[in-house]
Amino acid sequence: MISPEGRAPGVGLRAELPSHATLRRRLIWLMGGRLIVACLLLGGVLFATWDPARGFEGFTASLLLSLIGATFLASVVFGFWANSERNPSLLVTAQIAWDLGLASGLIYCTGGAGSALSALYEIIVLVAALTLGPRAITATATGALLLYTA
């Protein structure tokens with residue numbers, strides 16, 4: 001549909017950042033979703049790679065258990081931070097950075113660049129776009145690319 005000014009909607013307009021209330025609501029969903037997805041993915045990979053003869057002494061099992069514990073700890077810290085933060089975009093940025101690091105650890109445990117879980121980077125870029133807006137896409141995609149090629 002063409003506007004009265006003769007241009008398509010959204011063309012030539014600056015992208016607006018979400019309001020604080022919208023960002024806070026998205027933040028709550030982001031924290032809850034991260035806990036559920038991280039526990040399922042990390043727990044599933046831990047179960048798939050666990051060797052009963054070695055128990056949890058292997059490097060992969062130890063790293064996965066550390067990532068699970070760190071995810072719960074980060075969620076608690078982010079939860080307290082969310083209650084005290086007046087500018088939620090900074091908190092969301094920290095969570096996106098955490099997600100990139102968490103995905104990198106999981107991808108490393110499952111075969112590196114050849115892992116099927118490298119698609120997690122795409123999901124994180126999508127989450128950044130939904131929570132922070134269009135400008136965050138470039139920064140998040142650049143960070144994901146650097147971590148993927150490291």
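Reader: Leaving out residues up to four places away in sequence, which residues does Gly55 touch?

Author: This is a predicted model, and a list of contacts is read by setting aside the chain neighbours and asking what remains. For Gly55, what remains is Trp50 and Ala61. Gly55 itself is placed in the loop between α1 and α2.

Reader: Is Gly55 buried or exposed, and why?

Author: The general idea is to compare the relative accessible area with a cut-off, and buried means under 20%. Gly55 counts as buried because its relative accessibility is 19%, a value under that 20% limit.

Reader: Where does Trp50 lie, and how should I read its accessibility?

Author: Trp50 lies in the loop between α1 and α2, and at 36% relative accessibility Trp50 counts as partly exposed, since that class covers values between the 20% and 50% cut-offs. Leaving aside neighbours within four places in sequence, Trp50 is in contact with Gly55 and Phe56. A C-alpha distance gives another view of this loop: Trp50 and Thr60 are 10 residues apart in sequence, and their C-alpha atoms are 8.5 Å apart in space.

Reader: Stepping back from single residues, what pattern does the protein follow along the sequence?

Author: An overall description begins with the count and order of the elements. Here there are five helices and zero strands, so that the pattern, read along the sequence, is α-α-α-α-α by the DSSP assignment of helices and strands. Of the 150 residues in the protein, buried residues make up 34%. Among contacts with a separation of 6 or more, 65% are accounted for by residues 24 or more positions apart.

Reader: Which residues of the largest nonpolar core touch the most other members?

Author: A core is read by asking which members have many partners, and then which elements supply them. The largest nonpolar core has 31 residues, and Leu27, Leu42, Leu64, Val92, Leu106 and Tyr121 are the ones that touch the most other members. The elements giving two or more residues to this core are α1, α2 (59-84), α3, α4 and α5 (135-149), and the largest share, nine residues, comes from α3. Val92 offers a detailed case, for, not counting residues up to four places away in sequence, Val92 touches Leu23, Leu27, Leu30, Thr131 and Leu132.

Reader: Tyr121 is on that list of core residues; what joins the side chains of Ser104 and Tyr121?

Author: A polar contact of 2.7 Å joins these two side chains. Ser104 has its place in helix α3 (residues 88-109), and Ser104 is buried because its relative accessible area is 16%, under the 20% cut-off. With neighbours within four places in sequence left aside, the contacts of Ser104 are Tyr121 and Leu147.

Reader: What does the side chain of Ser115 reach at 3.0 Å?

Author: Here the partner is a backbone atom, the nitrogen of Leu117. Ser115 is found in the loop between α3 and α4, and Ser115 counts as buried because its relative accessibility is 5%. Outside its neighbours within four places in sequence, Ser115 is in contact with Ile107 and Thr110.

Reader: Is Leu117 buried or partly exposed, and which residues is Leu117 in contact with beyond its sequence neighbours?

Author: Leu117, which lies in the loop between α3 and α4, is partly exposed because its relative accessible area is 22%, and the limit for buried is under 20%. Leaving aside neighbours within four places in sequence, Leu117 is in contact with Leu41, Val45, Leu106, Ile107 and Thr110. Leu117 and Leu41 are 76 residues apart in sequence, while the distance from C-alpha to C-alpha is 9.3 Å.

Reader: What is the volume of the largest pocket, and which residues are closest to its centre?

Author: Rolling a probe the size of a water molecule over the atoms shows where empty space is left. In this structure the largest pocket has a volume of about 430 Å³. The largest pocket is lined by 19 residues, of which Arg34, Val37, Asp99, Ile123 and Val127 are the closest to its centre.

Reader: Which element gives the most to that lining, and what classes of residue are in the lining?

Author: The element that gives the most is α1, with nine residues, and α1 (20-49), α3 and α4 (120-132) each supply at least two residues. By class, the lining of the largest pocket has 14 nonpolar, two polar and three charged residues.

Conventions. Residues numbered from 1 in each chain as written. Predicted model: local features only at pLDDT ≥ 70, side-chain atom pairs only at ≥ 80, totals over all residues. Heavy atoms only, no water. Helix = DSSP H or I, 4+ residues; strand = E, 2+ residues; numbered from the N terminus. Buried < 20%, exposed > 50% of the residue type's maximum accessible area, 1.4 Å probe, protein only. Polar contact = N/O pair within 3.5 Å; in protein donor to acceptor, adjacent residues only side chain to side chain. Contact = heavy atoms within 4.5 Å. 1 Å grid on protein atoms, 1.4 Å probe; cavity = no way out; pocket = protein on both sides within 12 Å on 5 of 7 lines; lining within 4 Å. Points joined across faces, edges and corners; volume = space filled by probe spheres on them. Nonpolar A, V, L, I, M, F, W, Y, C, P; charged D, E, K, R; others polar. Core = buried A, V, L, I, M, F, W, Y, C linked by side-chain atoms within 4.5 Å.
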